[in-house]
Structures are given as C-alpha cells and as structure tokens.
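Please read this report with the sequence and the 3D view open. It goes from the overall fold down to single residues.

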Amino acid sequence: MAQAEKAEHRSVVMAASRLELNLVRLLCRCEAMAAEKRDPDEWRLEKYVGALEDMLQALKAQASKPASEVINEYSRKVDFLKGMLQAEKLTSSSEKALANQFLAPGRVPTTARERVPATKTVHLQSRARYTGEMRSELLGTDSAEEPRLDIRKRTGVTGPRPVDEKQSAAELDLVLQRHQNLQEKLAEEMLGLARSLKTNTLAAQSVIKKDNQTLSHSLKMADQNLEKLKTESERLEQHTQKSVNWLLWAMLIIVCFIFISTILFIRIMPKRK
C-alpha cells in the first residue's frame, strides 16, 4: 500500500515537472519569435501565447506546483507577451508607444543561458521600433529610409543640412518633449489621486472605527440598562404583592371587628317593650 502511494506521488511530481518543462520550452519559443521581425499576418505567436495561458492555469492547479515566486514570474512573462500582441494591434504609433511603456517584462531569465531576460530585450526593441515609427510619422519619411540616414551619420558622410530638416528635427524634439511632459503630468495626477484615495480611505477607516466603538459602548449601556430595568421590575412586583397582602389582612380585620361589635351591640342593648 505504501509503495503504491509512493509511486502515485512520484507520477504526480513527474507530471508537474513535465508540464513546467513544456511551459518553459514554449515560453522560450514565444520570446524568440517576439524578438524576430514578423509579418502582420503572423498568427502563430498569438496561438502560442494562448497555449501558454492554458498551461499556466494547469500548472497553478497542480498539487505539486512550483514556488509562488516562480509562478508569478511565469505569469509576468505571459502577461507581457499578451500585452505586446495587443499593443501591436493598435493603429497609431503613439498609442503603441504608450501601451508599451505600461508593459512589465520579466525580471529573471527563463533559461540559464540567458544573461538578460529575453522579455526585457523584446521590450527595449519594441520601444525603439515604436519611437522610430513616431519619428517617421512626424517627419513624413519612410521607416526604411531611417537606417540609411543613421548609417550616413555614423560613417561621417554628412552634407549640408537643409533648413527644413533642422526645423523638422526641432518640431520632433518639441513634440517628444510635449509627450514626455504629458506623461509626467499624468503620472503626477495618478500619484495625487492615489494619495487622495489613501487619505480618504484612512479617514473613512478612522470614522468607521469610532462609529464601531460608539456602537459597542451604546450596546453595552443598553444591556446594563436592561438588567437594571429587570431588577427594578422584580422589586416593584414584590413590593406590590406585599402591599396587597397587608391591605387584604387589614380589611379582614376591620370587617371582623365591625361584625363582632355589631353582635355585642345587639346583645347589650335592651329590647323595646
């Protein structure tokens, strides 16, 4: 019986380890595909990410699942890949760049061969790509021409800069500065809202605590008053019973005295002839 239980436990552990191994392999494959340049009609990565979500849910439901830190890291990477796919479906490059900033890549490499987490590399690549697309939209140039311009600048083959190019660069810097200021303003507003919410929550918690204390004190006083009322009611009932008993005995004594006095009066007084 013990050997059967050990064999069953060993099979469960092996199944969980096999599931985790498959998840890691598929995650490495998805990270490699995300780092490569893909066609807009590529559908395999989205299917792979959906399979990753199913495998992650199955791994969480296992009895012999990994540590919570490992599970959280897997979830973080899967959420990053999912958010990256959703950002790629946006139409505007500014929306893509903004959505990319809110993504959180993995903190730990998936395999021992990686020095830097692959999701972090993908995050940096997508940020640079979206920034280039924003620059292309603002300057009105093709994204394929930008590498040529960068190569010319790096090799030193530079000619006289036209005035419109300088103006476009200045406008680009101004627009980027506006975007950065807007993001900083939004971050400050969100921080202020979070602080205000925290302050209101603490104030509401304090008020609720005081109300609970007042309510408990009122309930305690009500219980004490009820006990006192019961005691006084019992004393009043006893006093009423005692007064009724004494009054009854007094009435009986008076009636008896009157009866005896009447008889004696009749006996003593002579009859008329």
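A polar contact is a pair of N or O atoms within 3.5 Å; within protein, one must be able to donate a hydrogen and the other to accept it. Keep that cut-off in mind for a residue discussed below. The model shown here is predicted.

## Overall fold

The protein has seven helices and zero strands. Along the sequence, the pattern reads α-α-α-α-α-α-α.

The protein has 273 residues, and 18% of them count as buried. Now take contacts between residues at least 6 apart in sequence. Of these, 67% join residues at least 24 apart.

## The largest nonpolar core

In soluble globular proteins, nonpolar side chains tend to be buried together. Here, the largest nonpolar core holds 23 residues. Which of its members touch the most other members? They are L23, L45, L52, Y74, L81 and M84. Three elements each give two or more residues to this core: α1 (2–35), α2 (44–61) and α3 (68–88). Helix α1 gives the most, with eight residues.

Look at L45, one of the core members named above. Beyond residues up to four places away in sequence, L45 touches C30, M33, A34, R38, M84 and L85. M84 is thus on two lists: it is a partner of L45, and it is named among the core residues that touch the most other members.

## Cysteines

How many disulfides does a search of the whole structure find? The count is zero. C30 is in no disulfide, and its nearest cysteine sulfur, that of C28, is 9.4 Å away. A disulfide needs two cysteine sulfur atoms within 2.5 Å.

Is C30 buried or exposed? C30 counts as buried because its relative accessibility is 0%, and buried means under 20%. C256 has a relative accessible area of 44%, so C256 is partly exposed.

## T119 and its neighbours

T119 is found in helix α5 (residues 118–139). Its relative accessible area is 1%, so T119 is buried. A polar atom of the T119 side chain lies 2.7 Å from the backbone nitrogen of G106. The cut-off for a polar contact is 3.5 Å.

Which residues does T119 touch, not counting those up to four places away in sequence? They are E31, K77, F80, P105 and G106. G106 is therefore on this contact list as well as being the residue whose backbone nitrogen lies 2.7 Å from the T119 side chain.

## I71 in helix α3

I71 lies in helix α3. I71 is buried because its relative accessible area is 8%. Leaving out residues up to four places away in sequence, I71 touches L56, L59, K60 and P66.

Take L59 from that list. I71 and L59 are 12 residues apart in sequence. In space, their C-alpha atoms are 8.4 Å apart.

## V116 in a loop

Where is V116? Its place is in the loop between α4 (93–101) and α5. V116 counts as partly exposed because its relative accessibility is 45%. Setting aside its neighbours within four places in sequence, V116 is in contact with P109 and T121.

G106 comes up again here. V116 and G106 are 10 residues apart along the chain, and their C-alpha atoms are separated by 9.5 Å.

## Aromatic rings

How many aromatic pairs does the structure hold? It holds zero. One ring does have a charge over it. The charged end of R129 sits over the ring of Y130, 5.2 Å from the ring centre.

Key. Residues numbered from 1 in each chain as written. Predicted model: local features only at pLDDT ≥ 70, side-chain atom pairs only at ≥ 80, totals over all residues. Heavy atoms only, no water. Helix = DSSP H or I, 4+ residues; strand = E, 2+ residues; numbered from the N terminus. Buried < 20%, exposed > 50% of the residue type's maximum accessible area, 1.4 Å probe, protein only. Contact = heavy atoms within 4.5 Å. Phe/Tyr/Trp six-rings, centres within 6.5 Å; stacked < 30°, edge-to-face > 60°. Lys NZ or Arg CZ within 6 Å of the ring centre and 35° of its normal. Core = buried A, V, L, I, M, F, W, Y, C linked by side-chain atoms within 4.5 Å.
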